[in-house]
Amino acid sequence: RSPAKKFKASEQMTTFADVAAMEQAKGELAEIVEFLKSPQKFQKLGAQIPKGVLLMGPPGTGKTLLARATAGEAGVPFYSINGSEFIQMFVGVGASRVRDLFRNAKENSPCILFIDEIDAVGRVRGAGLGGGHDEREQTLNQILSEMDGFNQTEAVIVIAATNRPDVLDPALLRPGRFDRHISVDRSNKTGREAILKVHCRKVPLADDVDLAAIAASTIGFSGAELKNLVNEAALGAARDGRDKVTKSDFDLARDRVLMGAKREEVLSP
Ligand code: ATP
């Protein structure tokens, strides 16, 4: 283990049970889970597992959640970084941070290394608007060379997420890099109901609350927005000093979420 633990694995356990809907994506990641649980089993057979998985989809659709749950299912550490963090770094720091990140992951393998918003560093090279894109390119080049440099015996799976797959440098998508692509989209009515159920697990609901009806009235809501909806409804009930969340709390909450109302001032335990 690395003595200077610069990269702390996330302690919080999330599993596929926390991820509603998205059955196809979970199915595609099941193989990765099996590999991370016992890499030797795959290595003995010479079976190739992708090193890099790209999760593609609109904001709030559960990409981060899914990556975290993959680690939780396999019971391995989850290390994450946001692509935009590299951009704020001083020249030369981005590439060395990538090196450290991969070194740390290898030392703690099997594990998942998650790069959120990879498009922040992974845009087509040479397409920058000037001002610091050399730094970005160096960082991207380092990511590419790290991915080429490790092999299956290292049992590190790199998962990246983006809502702009169209702007990514094709080099990132080549075989041996992020060559497994999983689309994550907004859910249909059944999926929205399942997501609402997950987020209502600990919320006492009044008898007039019908999650199927709420799902039907929230077309286009992402998982993050549905989570927000449940929270807003619970806040409404708490504000009124009630111990159950009612249908009208959900109705008001939906309007609030639709209006993008500020909610921070209300919640503070
Ligand atoms: P971004 O692109 O903005 O980073 P994302 O796709 O990574 O978004 P998450 O951060 O994973 O989305 O989702 C935000 C929150 O929404 C999650 O922590 C989770 O609570 C909730 N959520 C999203 N999708 C689901 C789902 N399928 N089941 C349960 N909860 C979900």
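**Close-up views of the predicted model**

**View 1. P110 in the loop between α5 and β3.** P110 is found in the loop that runs between α5 (93–107) and β3 (111–116). The model shown here and in the views below is predicted. The peptide bond that joins S109 and P110 is cis, with omega at about 0°. For context, most peptide bonds are trans, and most residues other than glycine have a negative phi.

**View 2. Backbone of A21 in the segment before α1.** A21 belongs to the segment that precedes α1 (23–37). A21 is not a glycine, yet its phi is positive, at about 55°.

**View 3. Polar contacts of the ligand with A20, T64 and A224.** A polar backbone atom of A20 lies 2.8 Å from a nitrogen atom of the ligand. The contact of T64 involves its side chain, a polar atom of which is 2.6 Å from an oxygen atom of the ligand. At A224 a polar backbone atom is found 3.3 Å from an oxygen atom of the ligand. On its own the ligand has 630 Å² of accessible area, of which the protein covers 81%.

**View 4. The shell of residues around the ligand.** The ligand is surrounded by 17 residues, and those that come nearest are A20, G60, K63, T64 and H199. By residue class, the shell comprises 7 nonpolar, 6 polar and 4 charged residues. The space that the ligand takes is the largest pocket. Two or more residues of the shell around the ligand are given by each of α3 (63–74), α8 (189–199) and α10 (223–239).

**View 5. The largest pocket and its lining.** What volume does the largest pocket have? The value is about 780 Å³. Its lining consists of 25 residues, with D18, L65, V198, H199 and K227 lying nearest the centre of the pocket. The elements α3, α8 and α10 each give two or more residues to this lining. Which element gives the most to the lining of the largest pocket? It is α10, with 6 residues. The lining divides into 11 nonpolar, 9 polar and 5 charged residues. H199 is thus named twice in these legends: H199 is among the residues that come nearest the ligand, and H199 is also among those that lie nearest the centre of the largest pocket.

Conventions. Residues numbered from 1 in each chain as written. Predicted model: local features only at pLDDT ≥ 70, side-chain atom pairs only at ≥ 80, totals over all residues. Heavy atoms only, no water. Near = heavy atom within 4 Å. Polar contact = N/O pair within 3.5 Å; in protein donor to acceptor, adjacent residues only side chain to side chain. Areas by Shrake-Rupley, 256 points an atom, 1.4 Å probe, with all protein chains shown as cover. 1 Å grid on protein atoms, 1.4 Å probe; cavity = no way out; pocket = protein on both sides within 12 Å on 5 of 7 lines; lining within 4 Å. Sits in = over half its atoms within 2 Å of the grid points. Helix = DSSP H or I, 4+ residues; strand = E, 2+ residues; numbered from the N terminus. Nonpolar A, V, L, I, M, F, W, Y, C, P; charged D, E, K, R; others polar. Points joined across faces, edges and corners; volume = space filled by probe spheres on them.
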